[in-house]
Each structure stands twice: as C-alpha cells, then as structure tokens.
Number of protein chains: 2
Amino acid sequence: VTTAPQQAVTLEQILDLEPLDRDLFRGRTRPTQTLRTFGGEVASQALVAAGRTVDGERGVHSLHAYFLRPGNPKAPLIYRVDRIRDGGSFTTRRVVATQSGEAVFHLSASFQAPEAGSFHHQVPQLTAPAPDQLPPGSVVMADADPANREWFSLVSAMFPLEIRFPEELPRFAAARGEVRPPRQRIWVRAAHRLPDDPLWHACAATYASDLFLLGTSGAPHGVVIGTKDIRVASLDHAVWFHDPFRADDWLLIDMESTWAGHGRALCRSSFFRQDGVLVASVVQEGMVRRVTRA
Amino acid sequence: VTTAPQQAVTLEQILDLEPLDRDLFRGRTRPTQTLRTFGGEVASQALVAAGRTVDGERGVHSLHAYFLRPGNPKAPLIYRVDRIRDGGSFTTRRVVATQSGEAVFHLSASFQAPEAGSFHHQVPQLTAPAPDQLPPGSVVMADADPANREWFSLVSAMFPLEIRFPEELPRFAAARGEVRPPRQRIWVRAAHRLPDDPLWHACAATYASDLFLLGTSGAPHGVVIGTKDIRVASLDHAVWFHDPFRADDWLLIDMESTWAGHGRALCRSSFFRQDGVLVASVVQEGMVRRVTRA
C-alpha cells in the first residue's frame with residue numbers, strides 16, 4: 001500500500017525549470033495556500049539553475065544563500081546564473097532569483113569533479129525507529145490537537161513529500177503548554193520517484209531542508225513557530241552535500257537549534273541515509289518574532 | 001607580565017582598509033612567510049569593507065563566503081562592495097575581492113537593526129580551564145616535538161593573536177602516531193587592544209575563525225593537516241554572530257569536524273565568552289588531500 005498523500009504536483013515538476021536563454025531560467029507557478037513563496041522551493045530551483053550550467057560529471061558539494069525579500073507565490077521567479085569560475089577541480093556558480101525586477105534571493109554553489117579522497121569520517125547517527133516500522137504521518141496526526149492536525153494537512157497538501165515521525169514533535173508538547181529541548185527528527189522522502197541524476201536528489205534534499213527546521217527553535221520556549229503569534233522567516237540557508245543518496249528513499253533529518261536571541265534563531269540539521277551514512281549538513285538562521293498586539 | 005608575542009603588525013592594522021572610492025577598498029600588504037594569503041585575513045577584510053557601507057547602528061549577524069582562487073600575499077587585495085539591500089530591519093551586502101583583475105573571494109553578509117528579541121537559548125559551554133590559569137602557548141610549545149614547535153613559532157609570528165591550550169592538541173598525538181576524536185579547543189584573543197565598535201570584534205573573530213579549524217579533521221586519521229604530505233585549502237566559510245563580545249578578551253573556540261570524504265572536510269566551531277555565553281558559530285569546508293609522490 002502506498003501512503004503518499006495525493007499531491008497536485010510532484011517534486012520533479014517543481015524542479016523542472018523552463019530555460020529562457022543561456023544561464024536564464026523561469027520557475028513554474030503553482031496553486032498554493034501560502035502568502036509567501038516557500039524558501040525551500042526557491043533554494044532548490046536556484047540550485048537546479050546553477051547545476052544546469054555545470055558539466056554533469058561535477059557534483060554539487062555546497063551552497064550558501066540569502067533570502068532578501070518575500071517572494072510572491074502567484075508570480076514566476078526568474079533565475080539568472082553567473083558563471084563565477086570553472087577551475088581544475090571545482091566550479092563555482094552564483095544565482096540571483098528575481099521577481100518584478102527585484103532580487104528576492106541569491107545563492108552561491110560549488111561543484112567538484114569526482115574524487116575518492118584519502119580520509120573518511122562522520123558523526124554517528126543516533127538510533128531511530130526505521131521508517132517502515134512507523135505509521136504514515138497522516139495516521140499519527142489523526143490523534144493530534146486540531147491546530148497541529150490542520151497544520152499537517154496543509155503540509156501534506158503543499159509539499160510533495162512523505163513524512164514519518166520517529167518521536168513526538170516538540171510542537172505537540174508546546175500545544176499542551178510543555179517545553180522540550182530544541183531538537184527534533186523526521187524521516188522524509190519525495191512522494192514520487194525522481195530521475196537518477198544526483199543533481200535532482202541534491203535539489204530535493206535542499207527543498208526538504210527548509211521544512212520544520214526553524215520550528216525546532218520554539219521547543220525550549222513551549223511555543224509553536226510559524227503561528228499567528230510567532231512570525232518566522234528564513235534569513236539564510238547553507239547546505240553541504242557529502243556522500244551520494246536518493247531523496248526518493250527515506251532520509252532521517254536530525255534537527256537542532258543551537259542558539260536564539262535578538263529576534264533570530266540558528267538551527268542546523270544532519271541528513272542520514274537509512275544505513276546511517278551522513279549525506280548532507282544544513283545550517284539556517286531565521287527571523288523569529290513574537291507578534292505584539294495592540 | 002604580558003605574554004603577547006612580539007608582532008610586526010596588529011590586527012587593527014590588518015583590518016584598517018584604505019578607501020579608494022565609494023564602496024571600493026584596498027587591503028594593505030605585509031611581510032609574510034606564506035605563499036598564499038591567509039583565508040581569515042581576506043574574510044575579515046571583506047567584512048570590514050561590507051561594514052563600512054552599513055549604518056553603524058546595524059550589527060553584522062552572519063556572513064557566507066567562498067574562496068575562489070589562492071590569493072598572492074605580496075600583492076594588495078581590492079574589495080568592491082555591492083549594496084544588495086537596505087531593508088526595514090536587515091541590510092545585505094556582497095563583497096568581491098579581486099587581485100590582478102580576477103575574483104579570488106566573494107562574501108555575502110547580513111546586518112540587523114538592534115532588536116531585543118523574545119526568546120533566548122544556546123548550547124552549553126563545556127567546562128574548560130580558565131585562560132589565566134593556563135601557561136602561554138609558547139611555553140607549552142617549548143616541550144613539543146620540533147615540527148610542532150616550528151609550526152607554532154610560525155603561527156605566533158604571523159598572527160597577531162594570543163593562544164592558550166586548555167588541552168593537548170590532536171596534532172601532538174598525531175606526531176606520536178596516535179589518533180584522536182576530531183575535536184579541539186583553544187583560547188584566543190587579539191594580541192593588542194581593539195577599538196570599541198563591535199564591527200572590529202566581529203572582524204577579528206572572523207580572522208581567528210579560519211585558524212586551526214580544518215586541522216581538526218586530521219585527528220581521527222592521525223595526520224597533521226597542512227604539512228607537506230597533507231595539502232589543505234579553505235573552500236567556503238560561514239559565520240553567525242550572536243551576542244556581543246570583545247575579541248581582545250579571551251574567547252574559547254570549540255572546534256569539531258563532523259565529516260570528511262572525497263578530498264574534503266567539514267568543520268564547525270563555537271565561540272564562547274569566558275562567562276560561557278555563545279557569541280559566534282562557524283562552519284567551514286576545506287579541500288584536504290594526501291599528496292601522492294612519484
């Protein structure tokens with residue numbers, strides 16, 4: 001039995017940019033219930049644009065991005081690629097995403113020619129229940145409080161991802177007025193199969209890496225980030241890619257918020273394959289503000 | 001008694017860029033024993049350039065940078081600032097550092113208007129011996145093996161920083177053929193007093209953040225990174241600034257390498273004030289290659 005929610009759109013469709021000219025691309029718009037463009041969508045599309053201008057032999061190993069203005073999800077985004085450098089081992093690209101002539105986002109990414117390397121080490125993956133042994137997120141959510149149930153229903157409709165929970169999310173504790181350490185883990189995979197080219201999987205992971213992450217920072221304060229009381233917006237985003245992976249196979253995202261203050265929160269996450277191999281590391285800072293009412 | 005090594009140059013001199021035009025600056029060259037520009041110097045000077053174009057009320061809270069080509073320390077670097085955005089709360093700048101007309105480095109940085117914030121949390125600082133209770137690095141080094149003694153003598157002559165060691169560095173274990181976990185900690189402060197403007201201190205921490213960090217990745221392999229057998233070069237660099245600090249007062253840098261493979265290593269560090277407050281977080285990826293000989 002497949003447990004994928006019925007999506008209006010696949011991740012492959014989201015990532016399939018329309019070429020307008022050399023180094024110039026357009027993202028497709030799609031029906032959405034949000035007022036702002038999802039940051040993971042802009043970041044992953046910008047990485048697609050960068051990757052399309054790079055020799056296919058070279059894989060992306062890092063990206064660094066800033067969110068400059070909120071995007072309008074009802075209008076398409078234009079991605080312009082600047083070919084910064086093609087070096088002997090590394091290739092660097094910069095991408096600026098614009099809307100109505102204004103830059104809403106910019107990203108730099110680096111690609112590397114295949115290299116085996118002499119050393120290997122990684123942080124260990126903590127033990128987590130296997131995704132196949134866990135009920136679909138929608139089943140878990142059926143027992144949640146109305147606000148969290150509604151939230152997950154929105155998540156399921158909007159993001160072409162399957163999600164499973166190895167443990168209770170801190171936002172459920174917050175709904176009961178309890179505090180938790182700033183840590184949470186989810187299993188995630190693309191709801192539909194993706195092509196084999198590793199660039200698709202890096203872009204899909206980038207898409208998923210913007211989901212849930214800043215919410216981790218609310219746990220020690222017993223609040224749910226992204227509600228009408230707590231405004232949130234991504235400021236920057238960085239991803240490092242390590243070993244190969246498929247994003248249409250289960251990945252464990254281990255998220256932690258290491259700091260919050262001055263209306264901002266810093267969060268990081270590690271992506272593990274089911275066999276425990278670390279495949280990506282993410283750091284993101286967001287604006288997190290309590291809304292004061294008159 | 002002052003234990004600062006005799007420096008030919010102060011950090012303030014390194015960070016004091018010469019304005020050439022609006023948004024255009026030149027770094028000063030200085031005598032150096034290295035063949036490549038020190039990455040921390042380029043990154044900190046680029047942050048100076050960005051900061052000089054921003055309203056002094058707004059403090060830097062993050063930077064993301066890529067090293068594109070090795071710089072030549074015998075020639076000056078030119079820093080051109082692009083005023084990406086001046087928003088209601090946040091200001092974004094981009095800086096490109098060039099030499100002989102070629103981009104060697106680029107950086108994006110974000111600044112924020114003062115904001116108290118509603119939430120605060122941070123990772124705890126692990127217990128470390130206080131710097132005042134530790135001997136100067138040069139005293140510790142007097143007992144080291146010749147290679148490490150020579151290395152630290154070079155470090156002391158080149159970097160206008162004071163360094164103390166709360167525990168043995170993994171590179172000394174490696175010199176004895178032993179392996180260690182990929183973690184190391186140092187106390188560091190500017191060897192001379194800096195002006196009060198917080199930008200100086202952010203830039204000084206950025207300078208120091210490129211020191212020792214990639215070396216952490218050699219520990220589990222019992223090798224010393226940056227010797228003639230193991231080549232190293234910074235690829236990218238990101239810093240998030242949290243609470244205020246002075247870089248001419250002691251900071252504990254807690255460094256960890258979370259991954260290595262494919263000729264690269266990912267390292268991160270946390271900067272703590274002596275009172276345990278987390279003041280900055282750093283992530284850097286480097287190229288780390290074993291040199292194969294004919």
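Me: Which strand of chain B is joined to strand β12 (residues 251-261) of chain A, and how do the two run?
Reply: Happy to start there, keeping in mind that this is a predicted model. Looking at one residue pair helps: A260(A) has H121(B) as its bridge partner. In total, 2 bridges join β12 of chain A to its partner strand in chain B, and the two strands run antiparallel. The partner is strand β7 (residues 121-122) of chain B.

Me: How many residues of chain A are in contact with chain B, and what is the area buried between them?
Reply: Let's take the residues and then the area. Contact here involves 60 residues of chain A and 59 residues of chain B. The size of an interface is often given as the accessible area lost when the parts come together. Between chain A and chain B, with carbon and sulfur atoms giving 55% of it, that area is about 5300 Å².

Me: Which three residues supply more than any other three of the area that chain A buries against chain B?
Reply: The area buried between the two chains is about 5300 Å². Of the part that chain A buries, one trio supplies 16%. Its members are Y66(A), F119(A) and H121(A).

Me: Which side chain of chain A meets E115(B) in a salt bridge?
Reply: Side chains of opposite charge can pair when their charged atoms come close. Between chain A and chain B there are 2 salt bridges. In the one with E115(B), N and O are 2.8 Å apart, and the partner is R289(A).

Me: Which strand of chain A gives the largest share of the side that touches chain B?
Reply: The count of residue pairs in polar contact between the chains is 39. The side of chain A that touches chain B gets 8 residues from a single strand, its largest share. The strand is β14 (residues 278-290) of chain A.

Me: What relation links chain A to chain B?
Reply: Chain A superposes on chain B with an RMSD of 0.0 Å after a rotation of 180° and 0.0 Å of shift along the axis. The copies meet through the same surface, because 98% of the interface residues of chain A are also interface residues in chain B. The rotation gives the relation of a two-fold axis.

Me: Why does the salt bridge of E102(A) and R69(A) tie together parts that are apart in sequence, and by how many residues?
Reply: The closest N and O atoms of E102(A) and R69(A) are 3.5 Å apart. E102(A) belongs to strand β6 (residues 102-112) of chain A, whereas R69(A) sits in the loop between β3 (59-67) and β4 (78-86). The parts tied together are therefore separated in sequence by 33 residues.

Methods. Residues are numbered from 1 along each chain as its sequence is written. Chains are lettered from A and ligands numbered from 1 in the order in which they are written. This is a predicted model: local features need pLDDT of at least 70, side-chain atom pairs count only at pLDDT 80 or more; totals for chains, interfaces and linings use all residues. Side-chain values use heavy atoms; hydrogens and water are left out. Contact means heavy atoms within 4.5 Å. Buried area is the accessible area (1.4 Å probe) that two parts lose on being put together, summed over both. A salt bridge is a side-chain nitrogen of Lys or Arg within 4 Å of a carboxyl oxygen of Asp or Glu. A polar contact is a pair of N or O atoms within 3.5 Å; within protein, one must be able to donate a hydrogen and the other to accept it, and residues adjacent in sequence count only if both atoms are side-chain atoms. Helices (H or I, at least four residues) and strands (E, at least two) are DSSP runs, numbered from the N terminus. Two strands pair if DSSP finds at least two bridges between them. Copies are superposed by least squares on the C-alpha atoms of residues with pLDDT of at least 70 in both.
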